[in-house]
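Ready to get to know a new structure? Work through the short exercises below, and try each task before you read its solution.

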Amino acid sequence: MRAVVQRVSEGSVRVEEDVTGAIETGLMVLLGVGRGDTDKEARYLADKISGLRIFEDEAGKMNRSLEDVGGAMLVVSQFTLYGDCSKGRRPSFIDAAPPQEADELYTTFIEAVRFKGIPVETGRFQTHMQVSLTNDGPVTLIVESK
């Protein structure tokens with residue numbers, strides 16, 4: 001699994017005219033699921049991202065986690081994170097998991113984060129979404145399970 005993690009002061013996702021998820025202080029997580037990924041990777045990534053110490057402490061150092069600051073997570077499925085642009089100009093998505101498998105692991109990731117007591121908002125799997133955010137810092141990381 002692969003995630004782009006952004007520290008945000010606000011974020012939201014719309015599908016057509018409906019806001020499906022919105023947060024204030026927290027993390028925007030664009031989550032991609034690759035072929036061969038399992039529950040193990042989903043739970044590992046949920047734990048890793050939830051515990052990342054990327055929020056500032058009293059001294060201004062990135063030393064606090066999402067749990068420490070009482071933030072929320074906005075998770076958006078993003079199969080294009082597995083786009084291979086090494087040949088030609090049209091990305092290949094052969095390394096992305098099939099939709100049914102990806103949806104199951106996307107859900108496992110969300111449930112694992114919620115189990116930690118972190119509020120989670122989401123996009124809507126396999127739909128066209130409009131994603132808005134204010135990146136705080138900016139802080140943007142790529143986190144992988146393998």
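## Exercise 1: The chain as a whole

Of the chain's 146 residues, 42% count as buried. Keep in mind that this is a predicted model.

**Task.** Work out whether the radius of gyration of the chain agrees or disagrees with that of a compact globule.

**Solution.**
- Start with the expectation: for 146 residues, a compact globule would have a radius of gyration near 15 Å.
- Now take the chain's own value, which is 15 Å, so the two agree.
- For the extents, look at the C-alpha trace, which spans about 45 × 35 × 30 Å along its principal axes.
- Finally, turn to the surface: the chain exposes about 8,400 Å², with 46% of that supplied by carbon and sulfur atoms.

## Exercise 2: Order of the elements

**Task.** Find how many helices and strands the chain has, and the pattern they follow along the sequence.

**Solution.**
- Count first: you should get 3 helices and 8 strands.
- Then read along the sequence, and the pattern is β-β-β-α-β-β-α-β-α-β-β.
- To see how the sequence folds back on itself, take the contacts with a separation of 6 or more: 73% of them come from residues 24 or more positions apart.

## Exercise 3: Charges

**Task.** State how many positive and negative side chains the chain has, and how far apart the centres of the two sets lie.

**Solution.**
- Tally the side chains: 17 are positive and 23 are negative.
- Compare the centres of these two sets, and you'll find them 6 Å apart.

## Exercise 4: E41

**Task.** Decide whether E41 is buried or exposed, and find what its side chain contacts.

**Solution.**
- Locate E41 first: it sits in helix α1, which covers residues 39-51.
- Check its relative accessibility: the value is 14%, and buried means under 20%, so E41 counts as buried.
- Look at its side chain, which makes a polar contact of 2.4 Å with the side chain of T38.
- Now skip residues up to four places away in sequence, and E41 still touches M1, S145 and K146.

## Exercise 5: M62

**Task.** Place M62 in its strand and say how exposed M62 is.

**Solution.**
- M62 belongs to strand β5, made up of residues 62-64.
- Its relative accessible area is 47%, so M62 is partly exposed.
- Next, pick L52, 10 residues from M62 in sequence; C-alpha to C-alpha, the two are 9.4 Å apart.
- Beyond its neighbours within four places in sequence, M62 has contacts that include R7, F55 and V139.

How values were computed:
Residues numbered from 1 in each chain as written. Predicted model: local features only at pLDDT ≥ 70, side-chain atom pairs only at ≥ 80, totals over all residues. Heavy atoms only, no water. Helix = DSSP H or I, 4+ residues; strand = E, 2+ residues; numbered from the N terminus. Rg over C-alpha atoms; globule rule 2.2 N^0.38 Å. Buried < 20%, exposed > 50% of the residue type's maximum accessible area, 1.4 Å probe, protein only. Contact = heavy atoms within 4.5 Å. Areas by Shrake-Rupley, 256 points an atom, 1.4 Å probe, with all protein chains shown as cover. Lys, Arg positive; Asp, Glu negative; His and termini not counted. Charge placed at Lys NZ, Arg CZ, Asp CG, Glu CD. Polar contact = N/O pair within 3.5 Å; in protein donor to acceptor, adjacent residues only side chain to side chain.
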